[in-house]
Amino acid sequence: MARQSGTRVEEARKPMAQVGSMALTREQLVEFYRLMYLSRRTDDREIVLKRQQKIFFQISCAGHEALLVAAGMALKPGYDWFFPYYRDRAICLALGNTVEEQLLQAVGAAADTASGGRQMPSHWASKKLNIVSPSSSTATQCLHAVGCAEAGRYFSRHPEAAAKHEGDYREFKEVRFHGDEVAYVSIGEGSTSQGEFWESLNTASNGKLPVLYVVEDNGYAISTPVEANTPGGNISRLIANFPNFHFAEIDGTDPIVSYNAMVEAVAYCRSGKGPALVHGHVIRPYSHSMSEDERDYRSRAELEADALRDPISKMQVWLLREGILDAEQINALERKVDEEVQRASDRAVQAVFPTVDSITKHVYSENLSSQDARFDTQPMATADATERTMADLINTCLKDEMRRDERVVVFGEDVADATRDEALRAGQLKGKGGVFKLTSGLQKEFGNDRCWNSPLAEANITGRAIGMAVRGMKPVVEIQFFDYIWPAMHQMRNELALVRWRSNGEFSCPLVMRVPIGGYLTGGSIYHSQSGESIFTHTPGVRVVMPSNALDALGLLRTAIRCDDPVLFLEHKRLYRETFGRAAYPGPDYCIPFGKAKIVRPGKDLTVVTYGAVVPRALQAAQKLHRDEGIDVELIDLRSLTPYDWEAIAESVKKTNRVIVAHEDMLSWGYGAEIAARIGDELFHDLDAPVRRVAAMDTFVAYQPLLEDAILPQPEDLYRAMAELAAF
Ligand SMILES: Cc1ncc(C[n+]2csc(CCOP(=O)(O)OP(=O)(O)O)c2C)c(N)n1
């Protein structure tokens with residue numbers, strides 16, 4: 001187009017397809033078709049490469065191209081934000097992703113800019129274009145888009161929060177935002193059955209957020225037809241009553257109709273009125289993926305009916321009929337596209353593969369380790385030497401960090417002082433501030449947009465926090481009880497832990513999840529007493545810490561907030577207001593590096609490695625054993641569980657030659673199993689006795705205190721194990 005003469009350029013730019021107030025020029029229409037065709041031919045090329053075993057998976061965008069090119073042309077790359085799913089090849093091409101970039105991912109090349117060979121093809125990501133690295137999980141991305149939109153709005157209201165800051169995660173998190181930016185998220189109609197889709201609609205609607213949802217309805221989720229997923233077979237009908245939304249249901253195989261709908265929806269989002277959802281009916285001509293054959297479950301008649309709606313042939317016919325391109329011009333355009341795909345493919349199959357030594361790169365931050373020396377500080381003497389509880393010092397730390405860093409926001413269930421805040425502001429209410437009061441006063445001091453109540457939905461909390469953290473905010477969210485972390489598990493395991501690694505370091509989501517955990521509550525019962533830390537220490541990419549006293553809680557929480565990794569911060573509720581481990585406020589910069597254990601009691605006869613609420617119980621047992629038998633136990637409080645302080649363990653075991661690993665969680669497959677195995681493996685020659693474990697019974701915690709006492713490890717159990725091991 002660039003080489004056309006003056007009059008031909010004018011001709012090309014004349015509006016050709018007028019629908020409502022929207023118009024596409026001839027030039028745009030040709031580009032529209034080119035992008036659709038480019039997308040289809042890239043899929044076709046991948047299919048060939050898969051058959052040649054040069055790539056290992058293929059899932060196509062075929063049939064969705066019109067809807068997606070329309071979205072791409074209506075949005076701005078590098079300005080708006082994108083959370084596309086695996087069918088979205090065409091929008092990524094329209095935004096500026098190249099065929100070569102896409103094929104480099106397909107071959108698993110080192111130069112794959114989306115993931116460095118870590119993700120399957122069609123897992124689009126581009127830092128430059130604001131296409132955020134996705135997982136393969138269906139619907140998780142909806143909550144990220146919501147969090148992303150919230151971040152854009154937050155930075156618009158707090159522009160000074162975007163400033164770079166040396167010495168913490170902000171040094172490595174550049175913030176870019178625009179007041180009228182839109183967050184695009186797409187999803188298949190089958191995946192709208194996922195709770196996370198609905199949880200995201202909830203917040204997008206309530207917050208009038210500029211999120212553009214595109215539901216690509218090809219009528220099937222693998223082999224399950226839409227009516228088996230969606231009651232009544234139409235998602236638009238079900239969601240129609242969400243307030244503040246702009247809705248459009250369209251034929252997504254029609255480029256002009258799609259473009260019109262997208263432009264209108266984007267304008268609605270940009271204006272700040274709220275979110276929009278475009279439900280496009282499309283087709284799926286190529287089976288779900290190359291791992292199956294849809295002829296096994298779809299009738300021939302159905303496939304033939306779909307074929308008649310193919311967007312590529314429909315647009316080609318339309319261009320010819322409208323006289324926009326003649327057959328020769330179409331052939332020339334298609335030939336050029338074919339050559340482009342061929343060139344990209346030739347280069348991609350020659351690509352260098354990632355080396356094995358790159359595997360562990362970007363599991364955690366390469367920029368700022370949570371073990372960094374800058375987190376190794378000493379407590380400062382302050383004017384107030386009052387001994388304070390763990391609950392009090394955690395609350396103080398949150399306030400300190402919110403004062404210091406405007407990117408820190410706190411949300412979760414019941415964490416605000418009062419959502420209806422008039423009476424609070426008038427000084428008539430004390431405020432709630434969390435079921436354990438740990439976030440008390442944050443909303444009052446920092447305002448409603450820095451501390452607020454989330455919906456009662458743990459995936460919502462976690463997914464939104466991920467979206468915000470990707471943009472550079474530092475959410476410090478609360479899961480009300482560890483027992484209810486499970487709805488967030490999908491977001492934690494498949495998203496939080498993986499954003500950095502799967503994007504080869506291009507994206508990250510350092511944030512903090514504070515979670516009250518544990519039993520010893522006398523009546524806490526099954527659903528308020530659970531442990532389960534090993535499930536998360538078994539997840540690379542997330543740091544897990546669990547303090548046993550007030551000073552450690554404050555120092556570790558500060559490091560959690562300032563560091564560059566996602567952190568699961570486990571707070572033992574029994575320790576919140578315990579007399580054990582109270583401490584004076586150590587000043588606003590006191591930090592403790594992760595991975596550094598504390599010797600609670602030095603000793604020479606045997607080592608106990610533990611953490612959390614077992615620390616005071618083990619200490620009690622050790623002191624009694626010393627009084628009774630003169631046996632001198634060295635007690636190690638790990639404090640942080642990943643990373644953990646292997647050096648401290650090894651040094652102690654080499655000295656005492658006997659070791660117990662103790663924890664509150666169940667014995668089998670618990671955290672202690674890993675530590676015990678490593679001691680057996682690496683310190684076998686230093687041992688004079690078998691490695692012993694003390695832990696809960698392999699059951700949940702019962703309500704009746706007699707049972708609870710029997711289920712959880714008590715000081716007497718620890719005493720007995722120490723005495724036996726010392727006598728071995
Ligand atoms: C949480 C989750 N469950 C199951 C899968 C396996 N899976 C991948 S795609 C898919 C079907 C999705 O259908 P739909 O949302 O309609 O999108 P389409 O593939 O038809 O475009 C399923 C079940 C997954 N990726 N994630």
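## Two sheets, two helix crossings and a ligand site

In this predicted model, strand 20 (residues 659-666) runs parallel to strand 21, and the two are joined over 4 bridges. Within that pairing, A662 is the residue that stands opposite V694 of strand 21. Both strands belong to an open sheet of 5 strands, whose order is 16-18-17-20-21 and whose pairing is mixed. Its edges are formed by strand 16 (598-601) and strand 21 (692-696), each of which pairs on one side only. Averaged over the sheet and with direction ignored, neighbouring strands are turned by 25° against each other.

Two helices pack on this sheet. Helix 24 (residues 671-682) touches strand 20 and strand 21, and its direction makes about 160° with that of strand 20. Helix 26 (residues 715-727) touches strand 17 (606-610), strand 18 (633-637), strand 20 and strand 21, and its direction makes about 170° with that of strand 21.

Another open sheet of 5 strands has parallel pairing and the order 3-4-5-9-8. Strand 3 (81-83) and strand 8 (246-251) stand at its edges with a single partner strand each, so one side of each is left without a neighbour in the sheet. Here the average turn between neighbouring strands is 15°, again with direction ignored. Strand 3 is joined by 3 bridges to strand 4 (residues 183-188), to which it runs parallel, and W81 stands opposite A183 of strand 4.

This sheet also has helices lying across its strands. Helix 3 (residues 65-74) lies across strand 4, strand 5 (211-217), strand 8 and strand 9 (276-281), and runs at about 165° to strand 5. Helix 10 (residues 255-270), for its part, lies across strand 5, strand 8 and strand 9, running at about 170° to strand 8.

Elsewhere, helices pack against one another. The axes of helix 6 (residues 140-157) and helix 18 (residues 486-496) come within 11 Å and cross at roughly 85°, and these two helices are therefore roughly perpendicular to each other. Their contact brings T140, L143 and H144 of helix 6 together with H490, Q491 and E495 of helix 18, a set of residues that divides into 1 nonpolar, 4 polar and 1 charged.

Helix 7 (residues 195-206) packs with helix 17 (residues 458-470) at an angle of about 75°, their axes being 9 Å apart, which makes helix 7 roughly perpendicular to helix 17. In this contact E196, E199 and T203 of helix 7 meet A459, N460 and R464 of helix 17, and the residues involved divide into 1 nonpolar, 2 polar and 3 charged.

The model also holds a ligand, around which there are 17 residues, and of these Y85, Y86, S136, S191 and Y220 come nearest. The table gives distances from polar side-chain atoms to an oxygen atom of the ligand.

| Residue (side-chain polar atom) | Distance to a ligand oxygen atom |
|---|---|
| Y86 (N or O atom) | 2.7 Å |
| S191 | 2.5 Å |
| H288 | 3.5 Å |

Y86 and S191 thus appear both among the residues that come nearest to the ligand and in the table, where a side-chain N or O atom of Y86 is 2.7 Å from a ligand oxygen and a polar side-chain atom of S191 lies 2.5 Å from a ligand oxygen.

Conventions
Residues are numbered from 1 along each chain as its sequence is written. This is a predicted model: local features need pLDDT of at least 70, side-chain atom pairs count only at pLDDT 80 or more; totals for chains, interfaces and linings use all residues. Side-chain values use heavy atoms; hydrogens and water are left out. Two strands pair if DSSP finds at least two bridges between them. Axes are lines fitted to C-alpha atoms, for helices over the stretch in contact, and angles run from 0 to 180 degrees between N-to-C directions. Contact means heavy atoms within 4.5 Å. Angles under 35 degrees count as roughly parallel, over 145 as roughly antiparallel, 65 to 115 as roughly perpendicular and the rest as oblique. Ala, Val, Leu, Ile, Met, Phe, Trp, Tyr, Cys and Pro count as nonpolar, Asp, Glu, Lys and Arg as charged, and the others, Gly among them, as polar. A residue is near a molecule or strand if one of its heavy atoms lies within 4 Å of it. A polar contact is a pair of N or O atoms within 3.5 Å; within protein, one must be able to donate a hydrogen and the other to accept it, and residues adjacent in sequence count only if both atoms are side-chain atoms.
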